[in-house]
Every structure is written in structure tokens, then in C-alpha cells.
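Q: Please take a close look at how helices pack against one another in this chain, staying with one helix for most of the way and explaining each term as it comes up.

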Amino acid sequence: MIPDVSASPAYSTEKFELSIEFGVHRVKSLNIDDLDSPLSSPASDSEAQIEKDPKEPQLPPPDRGIRAWLYLAASFIVEAIVWGYPMAYGTFLNAYLLDPQYASQPQAAISLPIVGPLSSGMIYCSGNVLNPFIGRYPRSRRAFVWIGSLLCFVSLFSSSYIKNVVYLVVLQGFLYGLGGSLLYAPTVSYLTEWFVERRGMANGVMFAGTGIGGFLFPLFLPSLLDKFGPEKSLRMLAIGLAVVLLPFLPFVKERLPMSRDRAPQPKWSRSAINNPAFWFILVANTVHGLGFFVPYVWLPTFATALGANSTEASLTLALLNVCVSLSGVFCGILGDKINPWVLATCSASFATFAIFILWGLAANSLGGLIAFGVLFGLIGGGWTAMWASLIKPMAAEDPEVATTLFGYLFLSRGLGNILSTPISTALIIGSASLDESTSSAHARVGYAVANGKFRRMIIGAGIFLAGGVIAIGSGMIRERMKSQR
């Protein structure tokens with residue numbers, strides 16, 4: 001999710017909290033009381049003038065009323081659609097790799113796996129660019145919502161007429177990521193206007209859209225792909241998403257009047273960026289992402305290699321998505337009660353264990369693979385929910401600093417998301433030459449599935465996650481030594 005400053009260049013001096021969500025991850029909130037920020041004064045002045053002038057229409061109330069609930073319903077739909085497709089791309093990848101007209105192309109093995117991660121990775125990375133822009137030019141948000149929606153539709157619909165896998169990367173991957181970024185960032189920015197006292201509830205409802213989308217897309221896509229193939233399925237998906245989304249777009253709008261003047265350029269201290277603790281977090285975040293996103297792409301393909309049908313293969317991805325969403329909630333709660341460095345180290349350690357042991361050894365059947373996805377998601381999937389607790393001492397209750405730090409974390413996470421796929425793909429291609437005798441000695445373990453085709457990929461993902469453990473663990477040791485001085 002795009003970082004969102006609760007006192008968005010915003011428009012109110014009411015008590016607010018810094019609440020940040022991104023994609024399948026929910027970042028815990030930081031409460032900030034009575035902050036005197038120059039970014040909030042224009043809104044306060046506007047609202048005060050309206051209250052004093054009885055001739056002006058009254059503002060719709062926050063936290064209640066039909067308009068607030070319609071916005072929340074619309075934001076839920078946007079969340080589910082923007083993230084539902086890229087998080088379910090593993091289902092499309094499985095269909096593409098089973099279709100000779102796509103799989104037989106020279107660049108197919110490299111190009112097809114990157115499509116979905118490119119979309120989600122771009123949405124992750126867009127915060128550093130879009131948030132400062134819409135903060136300074138808030139009137140651009142409504143246009144971005146409609147342009148982004150159009151680009152998402154054009155991306156999927158035009159891809160249905162494309163057979164060349166390289167063009168699919170551009171249309172189904174890059175263009176959808178661009179459209180999703182333009183649609184998503186403004187939608188999240190409106191949340192802090194419509195909900196103040198009940199913002200935690202609103203965050204939860206919006207966040208649920210990611211889990212619902214990530215769960216439902218892999219469940220209904222296999223039947224479409226089996227019956228109509230990738231081309232018609234993309235066409236139907238584009239039209240269906242447009243039909244669902246369009247009625248809600250008029251409710252994705254601001255509650256408070258916007259000034260015609262540009263908001264001031266945010267200023268913040270660079271001391272937080274130069275904090276060594278933040279660099280431990282940033283390195284751990286990047287390396288962890290290189291391993292964490294591998295199951296999202298390859299679980300359905302791995303399940304098919306086990307002999308599962310398309311519905312069973314997609315179920316592994318659906319369960320992974322919903323479990324990661326639940327893990328974000330649990331880890332966010334635990335982050336307030338447990339040392340976040342310890343919690344992050346434990347979460348990354350279990351994710352590493354799950355890759356090496358549960359996937360590599362125990363996932364030699366569909367049941368074992370489902371168990372891996374569920375446990376990996378539930379215990380190892382709440383990484384980003386701990387970010388707020390980790391950076392809280394560095395942010396010093398300054399929303400501009402906190403948002404900037406989150407922007408760098410999301411950027412590094414997006415890079416890990418994108419780069420994990422070509423790396424894992426190269427490892428799979430490198431394992432394709434393994435002969436039957438090599439895999440037959442380990443025929444009862446996950447490493448041996450498809451004659452060891454996925455062995456190096458699983459080991460590579462585990463090594464990256466272990467690197468994340470080393471980085472975050474080193475930061476934890478440093479912080480403990482620092483506190484004992």
C-alpha cells in the first residue's frame with residue numbers, strides 16, 4: 001500500500017494518526033497528537049470558514065453518514081481489484097506455461113514469470129513518486145483515479161489480443177502496474193479525510209479488500225482459464241472488473257475543500273536516513289523480499305507438477321494470500337507488546353525454516369504444499385506490519401520523517417518483489433538439466449518434484465530469507481548493545 005500521512009497535506013488539524021497500508025501488508029499505526037504542522041493549516045482554515053458562513057454547504061461528517069460509508073465501500077473494492085490480480089498472477093502463469101502457443105516462444109521462460117511481480121512491484125515503488133506529488137497538488141487525485149482505472153482496463157483487455165510474451169510484459173505487467181499505482185495512491189489518501197475517530201476500523205475494512213481479492217481471484221480464475229483459455233479469460237476479467245469498479249469510482253473523492261494554491265514542499269531532517277539502525281532494516285527488507293515473493297509466483301506451477309488440477313493448484317495461492325493478510329493483523333498487534341527487532345527476527349527465521357524444510361522436504365504432495373503455504377503465510381507473512389514499530393524511535397513522532405522512511409522501505413520491497421522473479425526463474429532454468437538419477441535419490445521430498453526442477457529455486461529463496469535474518473538479527477544485536485551502554 002502507498003504510504004499515507006493521516007494529516008494529509010491535508011486538510012484538518014483534528015487529532016490524527018499515521019496509518020500506512022500497502023498491498024497485502026498492513027503497517028501498524030503511529031499515534032500523533034496535537035501536531036502543529038504547516039501542512040494541516042490550509043484545511044483547517046477552509047473548514048473553519050465554511051462553519052462560519054451559513055451560505056456555504058455543510059461538509060459531510062467524518063466517521064458516519066452515507067457518504068463516508070460509500071467511500072469506504074469504494075476503497076474496499078479498489079483495494080481488492082488493484083492487488084487481487086497481481087497477487088493471483090501465479091494462476092495465469094500456470095495457464096501460460098501449459099499453453100504451447102505461449103510456452104514455446106524463445107523468451108517465454110524468462111518473460112512470462114515477471115508479468116505479475118512487475119505490476120505489484122511498481123505499485124510498491126510508486127509511493128516515493130506519487131505521494132509527494134499528490135500531496136503538493138491534491139487536485140490531481142480525482143484525475144489520477146479515473147486515468148488509473150482506464151489504464152488497468154486497457155492493460156488487461158489489450159493483453160487478451162496479444163500472443164507475443166514480451167508484449168505481455170509491457171501490457172499485462174507494466175501498464176497494469178502504472179494504472180494500479182495511479183488509482184491506488186489517491187484512494188488511500190482520502191481515507192484520513194473521511195475517517196478520524198474510527199480510522200482504525202476503516203483501515204481494517206480497506207485492508208480486508210486485499211485479503212478478499214487475493215483469496216477470490218485464484219478461486220474463480222481457474223474455471224475461466226480451463227473453459228475459455230487465457231485470451232478470452234483476460235477479456236472477461238477486464239470487462240468484469242470494469243463493471244464492478246465503475247459504479248464505485250464517483251465515491252472515491254475528497255471530503256474537505258481543496259485550496260487552489262499548492263501545498264508547501266515538505267521538509268524533513270535527514271538524520272533518520274543516516275541512522276545505522278534504519279540501514280539494517282532497509283537491507284534486511286530488500287534481501288527478505290528477494291525470497292519472500294517466490295512462492296507467490298511459483299506455488300500453482302509447483303502444485304501442477306505434483307499432479308494437481310488447475311483449481312487445486314490455485315487454491316494453494318488463495319490460502320497463502322489470505323494467511324499473509326491475517327499475519328499482518330497479528331504481527332501488528334504483537335508489535336506493540338514485543339520488541340519489534342525480536343519479532344521481526346523470529347518471523348524471518350520461521351519463513352526461512354518454512355522454505356527449506358516445509359517446502360523443500362515436506363511438500364512432496366498437495367497436502368504438504370498447502371500446509372507450507374498456510375504456515376508460511378501465517379507465521380512468516382507479517383513482515384511489513386512490524387515496520388512502524390521498528391522505525392518509531394527514528395521518526396520521533398514526525399509524520400514527514402515517518403512517511404519518507406516508509407517510502408524507502410516500500411521502494412526496497414518493490415525492488416525485491418520484481419527482482420525475485422528473474423532470479424528464481426534463472427535458478428529453475430539452471431535446474432532443468434538435472435537428470436533422472438539425480439532426483440530419484442530424493443524422490444520423496446519437495447526438492448525432487450519434477451525431477452528436481454524447483455530445487456535450486458527453493459534453496460535460493462531460503463538463502464535470501466536467511467540473509468534477511470542475518471541483517472535484521474545484526475540490527476537487533478546492535479540495538480541491544482547500544483541500549484546497554
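A: What follows begins with one helix and its two partners, and then turns to another pair.

The model is a predicted one, in which local features need pLDDT of at least 70 and side-chain atom pairs count only at pLDDT 80 or more, while totals for chains, interfaces and linings use all residues. Residues are numbered from 1 along each chain as its sequence is written, and side-chain values use heavy atoms, with hydrogens and water left out.

Helix α15 covers residues 340–359, a helix here being a DSSP run (H or I, at least four residues) numbered from the N terminus. One partner of α15 is helix α21, residues 455–484, and the two axes come within 9 Å of each other and cross at roughly 160°; axes are lines fitted to C-alpha atoms over the stretch in contact, and angles run from 0 to 180 degrees between N-to-C directions. That angle makes α15 roughly antiparallel to α21, a term for angles over 145 degrees. In the contact of α15 with α21 there are 18 nonpolar, six polar and two charged residues, where Ala, Val, Leu, Ile, Met, Phe, Trp, Tyr, Cys and Pro count as nonpolar, Asp, Glu, Lys and Arg as charged, and the others, Gly among them, as polar.

The other partner of α15 is helix α16, residues 366–380, whose axis comes within 9 Å of the axis of α15 and crosses that axis at roughly 175°. Because of this angle, α15 is roughly antiparallel to α16 as well. From α15, the residues S347, F350, A351, A354, I355, L358 and W359 take part, and they meet G368, L369, F372, L375, F376, I379 and G380 of α16, contact meaning heavy atoms within 4.5 Å. Sorted by class, the contact of α15 with α16 holds 11 nonpolar and three polar residues, and no charged ones.

The other pair consists of helix α7, residues 127–136, and helix α8, residues 140–159, whose axes also come within 9 Å but cross at roughly 135°. The helices α7 and α8 are therefore oblique to each other, the class left over once angles under 35 degrees (roughly parallel), over 145 (roughly antiparallel) and 65 to 115 (roughly perpendicular) are set aside. Here L130, F133 and I134 of α7 touch S140, R141 and F144 of α8, and by class this contact has four nonpolar residues, one polar and one charged.

Notes:
Helices (H or I, at least four residues) and strands (E, at least two) are DSSP runs, numbered from the N terminus.
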